[in-house]
Amino acid sequence: MSLPRALRGVRVLDLSRLLPGPFLTMILADIGADVVKVEEPRRGDYMRDFPPRGEGASGRYLAVNRNKRSVTINLKDEGERERFLRMAARADVVVESFRPGVMDRLGVGYAALRERNERIVLCSISGYGQTGPYRGRAGHDINYLALAGVLAMSGQDPDGPPALAGVQIADLGGGALWGAVAILAALIDRDRTGRGAHLDISMTEGAAALLAGEFGIAKAELSPPTRGTGLLNGGAARYGTYRTSDGRYLSVGALEPRFLARLEAATGLEPKPGAAEDRGLRRRLARIVASRTRDEWARILAGHDCCCEPVLELDEVPEHPLHRERGLFFEIAEADSAGTLQVRTPLGLPEGRRPAPALGEHNAEVFREYGVEELSGGPGDAAGRAGSGE
């Protein structure tokens, strides 16, 4: 499945920075939306400067800002603010990730946008939501996961600390993906009603929603599930990771009896049924897995359909035959380098192959398209002025 033209004609103004908002708008750009990064002139999206980086922008910035254009607008300047509002009058979606209240203080909140365009969809991503006692509190992914209950569920040792994930679950799964879903739903609703919407996307709430299944069983348990005790986070020997003889790891997900039986047959593991057997099963399985290398086990188990796969290191992932066959990775050439490795989304390869934009790179063409080139002087006129605030 590929949807490279699904949002063709949809105009998105992206005021967000760093990861959740830009990842969201990258999804929209991949399926055809015209996404314009609206950046403060002095520094813009400071993800560009995040290490590690080579001679150009940060790899993280390049990886989540493909197929977008960039303009510079200083929202603290009256003329520049009018330029943005005029652009919003012709846009479909605005995405922002300031702290709650900042958009209103800048004069570009939902009321101001709706006054110019009653069909506008404003998506506001924040840590704790636009209302409530935490609306102004700072936070990062680890804090959102902590308050959502996700962090306490992570890790296999009930007496140990919670485990940290290698990716930003709340930022991406709790914020960007829910934001994309909400925008698409709001655009459909707008076609029916003629009215836009202000979408309040809390990354904490988005992460908590991922625990729907766990909350669903919580009342049926004598004690609430926690790390190291649940079926999927350390409580079951047949679902976990095991160290191989070469110091790597094998993932085992043989939850159902038929998969466990196949694993036992493939490894020579003696079946010993019984709920109290999990600790014994873990010791015996660990001993057997430690007798061979990770890749040896991958070859042995591949033909047994028993839900076991090698744990790949990051540098191994692009070369895995599954991902090569399905075209998961691709490169976008850049003027000063060979290109940045890109990961497509499950929605398919984007039609465009435009690298992430330089700050203000598209001022002239975008302002001309939106009919606002005559406001506040010429393109790039605001360079060096104060930032847009956060």
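I started with the strands: S1 (residues 11-14) and S2 (residues 34-39) run parallel and are joined by four bridges. For pairing I took at least two DSSP bridges between two strands; strands (E, at least two residues) and helices (H or I, at least four) are DSSP runs numbered from the N terminus.

Before going on, I noted that this is a predicted model, where local features need pLDDT of at least 70, side-chain atom pairs count only at pLDDT 80 or more, and totals for chains, interfaces and linings use all residues. Residues are numbered from 1 along each chain as its sequence is written, and side-chain values use heavy atoms, with hydrogens and water left out.

Back to S1: I found Arg11 bridged to Asp34 in S2. From S1 the chain goes through H1 to S2, a right-handed β-α-β crossover (clockwise from the first strand over the helix to the second, with the strands pointing away from the viewer).

I also looked up S4 (residues 93-96), which pairs with S1 in the parallel sense over three bridges. There, Asp14 stands opposite Val95.

Next, the helices. I have H1 (residues 20-30) packing on H7 (residues 169-193) at about 40°, axes 9 Å apart. Axes are lines fitted to C-alpha atoms over the stretch in contact, with angles from 0 to 180 degrees between N-to-C directions. That makes H1 oblique to H7 (outside under 35, over 145 and 65 to 115 degrees).

Which H7 residues does H1 meet? I listed Asp171, Leu172, Ala176, Leu177, Gly179, Ala180 and Ile183, met by Pro20, Phe23, Leu24, Ile27 and Leu28 of H1, with contact meaning heavy atoms within 4.5 Å.
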